[in-house]
Amino acid sequence: EVLGPAINRFGEMRDTAVPRSEGDVIVAVQTTDLGNGFWHYEYAVYNHDLDRQVQKFSVPVPAGIVFQNLDFRDTDQDSTNQWNVSSSNNVLTWSTNAFGSSTANPLKYGMVYNFRFDANVPPMASSATLTQFKSGSNGPLTANTKGPLILSPSTAFTPSDTVVQGGNLASLTARDGDHLDLNPIPSLQAVSGNGLIASITAPSGTANTLTVGVVGSDTAAPGSGPLQTIELFNWSTGLWEQIDSRATTSADSLAVVTISANASRFIEPSTHQVQARILHTRGITLSSPRVISFDQVGFSFS
C-alpha cells in the first residue's frame with residue numbers, strides 16, 4: 001500500500017521540489033526505451049499546496065538532441081490555454097502566460113499536469129526547474145528527476161594508429177553531424193584495433209559513477225565483422241580495461257556505458273585525468289579503404 005496523493009504511485013522516480021518553505025510540488029518521471037534509438041520521457045507534476053502555483057517546467061538537454069512527440073496535458077478540454085514548449089540554451093521548457101494574463105493556465109494546487117517527449121538520448125540523473133506563477137521572495141524550485149544524458153566533452157584526443165582525415169576536437173563535443181574522420185593505418189594495425197584516445201579531467205579524484213558516451217560509425221562492410229571496443233585506463237593497474245564491445249554501424253549509433261563499481265580506479269589520483277580508448281577492429285586491409293567517424297565522445301560523473 002502506498003499512502004499519500006495518487007502521484008506517489010506513478011513513475012520510476014519522484015521528488016518534492018525545494019525549497020519547501022511555501023508549499024510542496026512533486027515531480028514524477030517515467031522513462032521508456034522505445035527500441036528504435038529513441039527514449040520516451042513522461043513527467044507528471046503535482047502541485048500539492050503551493051499557492052504561488054507553477055508557470056514554467058524545465059529540464060536540461062544536451063546539444064544536438066533530436067526531439068519527437070513533444071506534448072503537454074492538463075485537466076481541461078480548452079485548446080486555447082495549452083502550455084507552449086521551446087528549446088533554448090540546452091534547456092527544454094514548457095510555459096504558460098505570465099501572471100495577469102487572461103489566457104494563463106498555471107498549475108494550481110491540487111492539480112497534475114503532464115509533460116512528455118521522445119528523444120534520441122538515453123536517460124540519466126538530472127534536475128527539473130519549476131518557475132512560480134505569482135511573485136514572491138523565493139526563486140525557482142528544483143527537483144531531482146531523470147532527463148536526457150548530458151556528456152561533458154573530451155578536452156583532448158590522440159589518434160591511435162590512425163590519421164585525421166577531417167574534423168577536430170570540437171567535432172567530438174556534441175551529436176551534431178560534425179564528425180572527426182579517421183583513416184586507419186593498415187601497416188600499423190594492431191590486434192587491439194584503430195581509433196582514438198580521448199581524455200578529460202574529472203571534477204575530483206573519486207566518483208560514484210563514471211559514464212562514457214560514444215557516437216560513431218564505420219564504413220567497413222558489415223560482412224567483415226568490424227567491432228567497436230571502449231576501454232578505460234585503469235590507473236591502479238596501469239592497464240587498459242575493456243568496458244564495452246559491439247558491432248560497428250554504417251550510420252551514427254550511440255554507445256553509453258556507466259561504471260558504478262569502483263569507478264575511481266579510472267581517475268588519476270593527482271591530476272584527475274580520465275582516458276578512454278575507442279577502437280575499431282577487423283575489416284581493415286590495404287586494399288579496402290575505411291573511414292572511422294566519431295560525432296561525440298564525452299563523459300559524465302556523479
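Here a biologist asks and a modeller answers about the structure above.

Biologist: What does the secondary structure of the protein chain come to?

Modeller: This is a predicted model, where local features need pLDDT of at least 70, side-chain atom pairs count only at pLDDT 80 or more, and totals for chains, interfaces and linings use all residues. Residues are numbered from 1 along each chain as its sequence is written, and side-chain values use heavy atoms, with hydrogens and water left out. Helices (H or I, at least four residues) and strands (E, at least two) are DSSP runs, numbered from the N terminus. The count is zero helices and 21 strands.

Biologist: What share of the 302 residues counts as buried?

Modeller: Buried means under 20% relative accessible area, exposed means over 50%, and partly exposed lies in between (1.4 Å probe, protein chains only). The C-alpha atoms fill a box of roughly 70 × 40 × 35 Å, taken along the principal axes. Of the 302 residues, the buried share is 45%.

Biologist: Which strands stand at the edges of the open sheet 6-7-4-9-10?

Modeller: Two strands pair if DSSP finds at least two bridges between them. This sheet has five strands with antiparallel pairing. An edge strand has a single partner strand, so one side of it is left without a neighbour in the sheet. The edges are strand 6 (84–88) and strand 10 (141–148).

Biologist: By how many degrees are neighbouring strands of this sheet turned against each other on average?

Modeller: Axes are lines fitted to C-alpha atoms, for helices over the stretch in contact, and angles run from 0 to 180 degrees between N-to-C directions. For this sheet, direction is ignored. The average is 25°.

Biologist: Which residue is the bridge partner of N84 in strand 7?

Modeller: Strand 6 and strand 7 (residues 91–95) pair in the antiparallel sense. They do so over five bridges. The partner of N84 is S95.

Biologist: Which strands are the edge strands of the sheet 12-15-20-17-18?

Modeller: This is an open sheet of five strands, with antiparallel pairing. An edge strand here pairs on one side only. The edge strands are strand 12 (156–160) and strand 18.

Biologist: Which residue is the bridge partner of G195 in strand 20?

Modeller: In this sheet, the twist averages 20° from one strand to the next. Strand 15 (residues 194–201) and strand 20 (residues 273–281) pair in the antiparallel sense over eight bridges. The partner of G195 is L279.

Biologist: Why is the pair of F57 and W94 called tilted?

Modeller: Rings of Phe, Tyr and Trp (its six-membered ring) pair if their centres lie within 6.5 Å; planes under 30 degrees apart count as stacked, over 60 as edge-to-face and the rest as tilted. F57 sits in strand 4 (residues 54–60) and W94 in strand 7, 37 residues apart. F57 counts as buried at 1% relative accessibility, and W94 also has 1%. The ring centres are 6.2 Å apart, and the pair is tilted because the planes stand at 35°.

Biologist: At what angle do the ring planes of W83 and Y113 stand?

Modeller: W83 lies in the loop between strand 5 (67–73) and strand 6, and Y113 in strand 8 (residues 111–119). W83 is buried, with a relative accessible area of 5%, and Y113 is buried at 1%. The ring centres are 5.7 Å apart, and the pair is edge-to-face because the planes stand at 90°.

Biologist: How much space lies in the largest cavity?

Modeller: On a 1 Å grid over the protein atoms alone, a cavity is a set of points where a 1.4 Å probe fits but cannot get out; lining residues have an atom within 4 Å of a point. Grid points are joined across faces, edges and corners, and a volume is the space filled by probe spheres set on the points. The lining has 14 residues, of which P62, V121, L149, L151 and Q296 lie nearest the centre. The space is about 100 Å³.

Biologist: Which strands each supply at least two residues of the lining of the second largest cavity?

Modeller: This cavity has a volume of about 60 Å³. Its lining includes V214, R246 and S253. The strands are strand 16 (210–218), strand 18 (239–247) and strand 19 (253–259).

Biologist: Is T142 buried or partly exposed?

Modeller: T142 is found in strand 10. Its relative accessible area is 37%. T142 is therefore partly exposed.

Terms used: 1 Å grid on protein atoms, 1.4 Å probe; cavity = no way out; pocket = protein on both sides within 12 Å on 5 of 7 lines; lining within 4 Å.
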